[in-house]
Amino acid sequence: MPDPRPVYEDFECGPSLRLQSHEKVSKLQNDALHERIARLEALVERLEKRLWLTVFGIVGAILAQAFQSILDQLP
């Protein structure tokens with residue numbers, strides 16, 4: 001049965017390695033932040049596409065109704 005605990009990367013931490021450890025943790029946090037930003041940007045891009053499809057759909061429906069009313073008035 002596999003171990004359900006997550007596997008973390010080991011690194012030494014001692015008084016002489018404090019700065020190095022802090023830099024490593026900061027880099028991991030920064031990388032995670034950049035990954036979340038990239039996911040949010042992708043989400044916003046998909047939302048923007050859906051919004052434009054909705055706008056074009058509504059404009060198309062309005063133009064179709066206007067064109068239909070023009071056609072109904074022709075002899």
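How much accessible surface does the protein chain have, and what share of it belongs to carbon and sulfur atoms? The accessible surface comes to about 7,600 Å², and 64% of it belongs to carbon and sulfur atoms. Keep in mind as you look around that this is a predicted model.

The overall layout is easy to take in: the protein chain has 1 helix and 0 strands. That helix, α1, covers residues 18-73. Of the chain's 75 residues, 3% count as buried.

Let's start with the salt bridges, of which the structure holds 2. Here they are side by side:

| Salt bridge | N to O distance |
|---|---|
| Lys27 and Asp31 | 2.9 Å |
| Glu35 and Arg39 | 3.3 Å |

Lys27 and Asp31 are 4 residues apart in helix α1, so about one helical turn separates them. Glu35 and Arg39 are likewise 4 residues apart in helix α1, which puts about one helical turn between them. As for their surroundings, Lys27 is exposed, with a relative accessible area of 52%. Asp31 counts as partly exposed at 36%, and Glu35 is partly exposed at 48%.

Now follow the helix to a nonpolar surface patch of about 610 Å². Leu51, Trp52, Val55, Phe56, Val59 and Leu63 make this patch. Phe56 lies in helix α1 and counts as exposed because its relative accessibility is 57%, and exposed means over 50%.

The UniProt record, an unreviewed entry, places a "transmembrane region" at residues 51-71. In the model, residues 51-71 are 100% helix and 0% strand. The C-alpha atoms at the two ends of that stretch are 30 Å apart.

Methods. Residues numbered from 1 in each chain as written. Predicted model: local features only at pLDDT ≥ 70, side-chain atom pairs only at ≥ 80, totals over all residues. Heavy atoms only, no water. Patch = residues over 30% accessible without salt bridge, like charges linked within 9 Å, V, L, I, M, F, W, Y side chains within 5 Å. Areas by Shrake-Rupley, 256 points an atom, 1.4 Å probe, with all protein chains shown as cover. Salt bridge = Lys/Arg side-chain N within 4 Å of Asp/Glu carboxyl O. Buried < 20%, exposed > 50% of the residue type's maximum accessible area, 1.4 Å probe, protein only. UniProt positions renumbered as here; feature names shortened; annotations may be inferred.
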